[in-house]
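Dear colleague,

Please find the structure below, together with its sequence. I should be grateful if you would keep it open while reading the notes that come after it.

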Amino acid sequence: KNADIASVITPIDNKISDTKEKESTLSTITTLTATLKTTVVDLADSTFFEKRKVTVNGKDVTVKANDGVAVQDINLKVNQLAQTDIKQSKGFATETSSVVDKDTTMTIEIDGNTYDIDVKAGTTLEELRDQINESTDGDVLASILNTGGDDPYSLILKSSKTGADQVINVTFDDGDDTTSNDDFLSFTNVQDAQDAMFEFNNIAITRSTNTIEDLVIGVTFE
């Protein structure tokens, strides 16, 4: 029986073991071949070679470059950031304090646009804020800020965009030539609207925003 096993069964077992080993090796080869195929396909795609990496020396600017942009060196020096226009009114005791004691028209001018707001006598700070937000098409953002002190609540006007043309002008007209703006609601400048000013490869550039996309096609400077 042992002789029969050695001559008949053992060779079959050995053949089965060899076959399993070959199957395992074939599976490994198939996997490696598939990986190689994927890599070759990636290399065959031209976009693989068009990817761009941006390196920035300094902290004033961040840069994003699209695939395929020509490789280049750029010198950019920031002299001034673009800013919004911000104005602060005089203080009031509460958010429901009356801001005017007679009917008037509040006119807000910004970027060539004029907005006339009818303000009734007794209008509160909250109500005027809402009127401005509803009437200026998003060009001017009005809010109330608690600054502390005896009359802590101020009306804050802020342009929604940056740039020198975003200056906010406020006037009041009640039809009486003897009445001045100071009789109603006076504002002081907290921040002046201004353009971004910088040097691009030693060339002076001005823009109304701090996000620049029109200097180099496919490149965004922030």
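The following paragraphs set out what was found, taken region by region.

Please note at the outset that this is a predicted model.

Helix H2 and its surroundings

Within H2, the residues Leu-125, Leu-128 and Ile-132 are buried. Viewed down the helix axis, the buried residues of H2 fall within an arc of 65°, and therefore they line one face of the helix. The general background is that an α-helix has 3.6 residues a turn, so residues three or four places apart point the same way. As to what this face meets, the buried residues of H2 pack against four strands: S4 (104-110), S5 (113-119), S6 and S7 (153-159).

The chain then enters the loop between helix H2 (125-135) and strand S6 (140-146), where Thr-136 is placed. Thr-136 has a relative accessible area of 0% and is buried. Apart from neighbours within four places in sequence, Thr-136 is in contact with Ile-108 and Tyr-115. Asp-137, which also follows H2, has a positive phi, near 55°.

Salt bridges

How many salt bridges does the structure hold? There are three. As general background, side chains of opposite charge can pair when their charged atoms come close.

The pair Asp-85 and Lys-87 has its closest N and O atoms 2.8 Å apart. Are these two residues buried or exposed? Asp-85 is buried, at 1% relative accessibility. Lys-87 is likewise buried, with a relative accessible area of 9%; the cut-off for this class is under 20%.

A salt bridge also joins the side chains of Arg-129 and Asp-130, at 3.1 Å from N to O. Here Arg-129 is partly exposed, with a relative accessible area of 22%, and Asp-130 is partly exposed as well, at 34%.

Arg-207 and Asp-214 form a further salt bridge, in which the closest N and O atoms are 3.2 Å apart. Arg-207 is partly exposed, with a relative accessible area of 26%, whereas Asp-214 is exposed, at 53%.

The aromatic pair

The count of aromatic pairs comes to one. Phe-200 and Phe-221 form this pair, with an edge-to-face arrangement, 6.3 Å from centre to centre and 70° between the planes. Phe-200 belongs to strand S10 (residues 196-200) and Phe-221 to strand S12 (residues 219-221), so the pair ties together parts that are 21 residues apart in sequence. Both Phe-200 and Phe-221 are buried.

A nonpolar patch on the surface

Which residues form a nonpolar patch on the surface? The patch is formed by Ile-5, Val-8, Ile-9, Ile-12 and Ile-16, and together these residues have about 410 Å² of accessible area. Of these residues, Val-8 is placed in helix H1 (residues 2-44). Val-8 counts as partly exposed, at 46% relative accessibility.

To recapitulate, the notes above cover the buried face of H2, the buried Thr-136 in the loop after that helix, three salt bridges, one aromatic pair and a nonpolar patch on the surface.

With kind regards

How values were computed. Residues numbered from 1 in each chain as written. Predicted model: local features only at pLDDT ≥ 70, side-chain atom pairs only at ≥ 80, totals over all residues. Heavy atoms only, no water. Helix = DSSP H or I, 4+ residues; strand = E, 2+ residues; numbered from the N terminus. Buried < 20%, exposed > 50% of the residue type's maximum accessible area, 1.4 Å probe, protein only. Contact = heavy atoms within 4.5 Å. Salt bridge = Lys/Arg side-chain N within 4 Å of Asp/Glu carboxyl O. Patch = residues over 30% accessible without salt bridge, like charges linked within 9 Å, V, L, I, M, F, W, Y side chains within 5 Å. Areas by Shrake-Rupley, 256 points an atom, 1.4 Å probe, with all protein chains shown as cover. Phe/Tyr/Trp six-rings, centres within 6.5 Å; stacked < 30°, edge-to-face > 60°. Arc of directions from axis to C-beta.
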